[in-house]
Amino acid sequence: MSLHYKHFAVTGHPKSTSTFAVTKNSWHVYLLCSSSDLRTCYIYNDAISLEKTYQSKYKNMMRVLGQNCESGKPRNIFYNEKECHPILTIKIDGSEEKIWRIRQGELRLCFVYLPPEKRLILLRLFVKNDDTLKRKEKSSLKLLAEQVITDNTRTFARRIIP
């Protein structure tokens, strides 16, 4: 499977469309897609399936993430340890990699860091009443994270969906 990425730089919440100021020093946020078709973005599909009560919380979460990533400052300035921390550690080629999550209420946004260019790759969005991941959720996150981390970074730019 060839991974594709959608650069996240615009949100339409709360009212009008707002674009995030993305600079060389900003964190660059990408949505992970399984093909060049935007309908295969995991986050989009997770968001579409959210109950109506979570839709505005999700939009707000994404708006805040975009604003926080503009400056390029470390995540601990914007999120405390309870709101943003590693949830899984996986081994890839002998090194340990972390899968992170941002928590806002019942929503859990899972991502990995992809060096060297300050990239956050958003993997999945879950609704959780507790912090325990189900076996299926863990498996899904591990598989996606492994694919992203071992992806060919030299062709990354060619696989960004316009």
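Student: Which residues form a disulfide in this structure?

Tutor: This is a predicted model, in which local features need pLDDT of at least 70 and side-chain atom pairs count only at pLDDT 80 or more, while totals for chains, interfaces and linings use all residues. Residues are numbered from 1 along each chain as its sequence is written, and side-chain values use heavy atoms, with hydrogens and water left out. A disulfide is a pair of cysteine sulfur atoms within 2.5 Å. The structure holds one disulfide, with sulfur atoms 2.1 Å apart, and its partners are Cys33 and Cys41.

Student: Is Cys33 buried or exposed?

Tutor: Buried means under 20% relative accessible area, exposed over 50%, and partly exposed in between (1.4 Å probe, protein chains only). Cys41 has a relative accessible area of 0% and is buried. Cys33 has 0% relative accessibility, and therefore it counts as buried.

Student: Why is the sulfur of Cys84 too far from the closest cysteine sulfur for a bond?

Tutor: A disulfide requires sulfur atoms within 2.5 Å. The closest cysteine sulfur to that of Cys84 belongs to Cys69, and a bond is ruled out because the distance is 9.6 Å.

Student: How far away is the cysteine sulfur nearest to that of Cys110?

Tutor: Cys110 is buried, at a relative accessible area of 1%. Cys110 takes part in no disulfide, and the nearest cysteine sulfur, in Cys84, lies at 10 Å.

Student: Which element gives the largest share of the largest nonpolar core?

Tutor: A nonpolar core is a set of buried Ala, Val, Leu, Ile, Met, Phe, Trp, Tyr and Cys residues joined through side-chain atoms within 4.5 Å. The largest one has 27 residues, and Leu65, Leu109, Leu122 and Leu125 have the most contacts inside it. Elements are DSSP runs numbered from the N terminus: helices (H or I, at least four residues) and strands (E, at least two). Six residues of this core, the largest share, come from helix 2.

Student: Which residues of helix 1 (42-48) does Leu125 contact?

Tutor: Contact means heavy atoms within 4.5 Å. Leaving aside neighbours within four places in sequence, Leu125 has contacts that include Tyr58, Met61 and Leu109. Within helix 1 (42-48), Leu125 touches Ile43, Asp46 and Ala47.

Student: Where is the place of Phe20?

Tutor: Phe20 counts as buried, at 7% relative accessibility. Not counting residues up to four places away in sequence, Phe20 touches residues including Phe8, Val10, Met62 and Gly66. The place of Phe20 is in the loop between strand 3 (18-19) and strand 4.
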